[in-house]
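Work through the exercises below with the sequence and the 3D view open. Each task is followed by a solution in steps.

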Amino acid sequence: MGRGPKKHMKRLAAPRHWMVDKLAGVYAPKARPGAHKERESLPLILILRNRMKLALTRNEAMLITKQRLVTVDGRVKCDPKTPVGFMDVLAMPKAKEQFRVMYDVKGRFVMQKITAEQAESKLCKVTAVSTTAGNVPVCRTHDGRTLRYPDPLVSAGDTVKLDLASGRITDFIKFKEGTLVMVTGGANTGRVGKVMDVERHPGSFDIVHVRDENDNTFATRKGNVFIIGRAESEVTLPKGKGIRIPLEQDRKIRIETLQKAKAGKKRH
């Protein structure tokens, strides 16, 4: 075994939600160490080439990034392997387009189009609260940030609203019953609902019970829950609004849309 960090990734080892073709090559782009964990993020090249179809090849994606045309959270990113994760704001100033990275109800990353005003802020989940040198209170967030002097009421599990230009906290939402949450891990990734109850399990994982708009209830670990609003969502939700429909119903809708598309082609 060679020493040092791994710098390559085979396509078969890539996370399922990247949706990388198995037979289109041997290797997949490996994300650099960055703001998000490897299996909870997407390399920038996959967004430009595979999702948004702005490039056909790796070289074309490289040309886009090297021309400093893409920003993530307000900062220019020249490396096509930069990890981009949940709630990140991806912008292309020349094209006047902004996107927020979200999950759909099947747990896949989607680029949700947003306005320029919405792109000025993002939500960050607080993972830890501590003090640093000189007894300065700080809170650490899910995207690797360390924010100094947060509100004394902010604790781990809460969500803070961050102004991207100044890097300051403008608002925060406490984790409690009745808040609107999105699930960011496990079998229910991408589902949205309100917190009904929290089961405490000292020494193990606390379990959160969530109810969506269709009155379906599901449970997940507390660590998989991300607060997105008090009663209404603070961010624009992707298609489906985080409500998962039964597989049979989903299949029926897909068949109907395909039949309509075929009927439309025949008329022409």
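The exercises concern a predicted model and go from the whole chain to one residue.

**Exercise 1.** Find how many helices and strands the protein has, and decide how its radius of gyration fits the globule rule.

Solution. Counting along the chain gives 3 helices and 19 strands. The radius of gyration is 20 Å, and the globule rule gives 18 Å for 268 residues. These values are close, so the protein is as compact as a globular protein of that length. Along the principal axes, the C-alpha atoms fill a box of roughly 65 × 45 × 45 Å.

**Exercise 2.** State what share of the residues is buried, and describe the accessible surface and the charges.

Solution. Buried residues make up 41% of the 268. The accessible surface is about 16300 Å², and carbon and sulfur atoms account for 52% of it. For the charges, take the mean position of the 53 positive ones and that of the 28 negative ones: the two points lie 9 Å apart.

**Exercise 3.** Locate Thr82, decide whether Thr82 is buried or exposed, and list what surrounds Thr82.

Solution. Start with the place in the chain: Thr82 sits in the loop that runs between strand 5 (75-76) and strand 6 (83-85). Next, take the relative accessibility of Thr82, which is 12%. Buried means under 20%, so Thr82 counts as buried. Then look at the contacts: leaving out residues up to four places away in sequence, Thr82 touches Leu42, Pro43, Leu44 and Lys77. Last, follow the side chain of Thr82, which reaches the backbone oxygen of Asp79 at 2.7 Å.

Definitions and conventions
Residues are numbered from 1 along each chain as its sequence is written. This is a predicted model: local features need pLDDT of at least 70, side-chain atom pairs count only at pLDDT 80 or more; totals for chains, interfaces and linings use all residues. Side-chain values use heavy atoms; hydrogens and water are left out. Helices (H or I, at least four residues) and strands (E, at least two) are DSSP runs, numbered from the N terminus. The radius of gyration is taken over C-alpha atoms; the globule rule is 2.2 Å times the number of residues to the power 0.38. Buried means under 20% relative accessible area, exposed over 50%, partly exposed in between (1.4 Å probe, protein chains only). Accessible areas come from the Shrake-Rupley method with a 1.4 Å probe; for residues, only the protein chains shown count as cover. Lys and Arg count as positive and Asp and Glu as negative; His and the chain ends are not counted. The place of a charge is taken as NZ of Lys, CZ of Arg, CG of Asp or CD of Glu. A polar contact is a pair of N or O atoms within 3.5 Å; within protein, one must be able to donate a hydrogen and the other to accept it, and residues adjacent in sequence count only if both atoms are side-chain atoms. Contact means heavy atoms within 4.5 Å.
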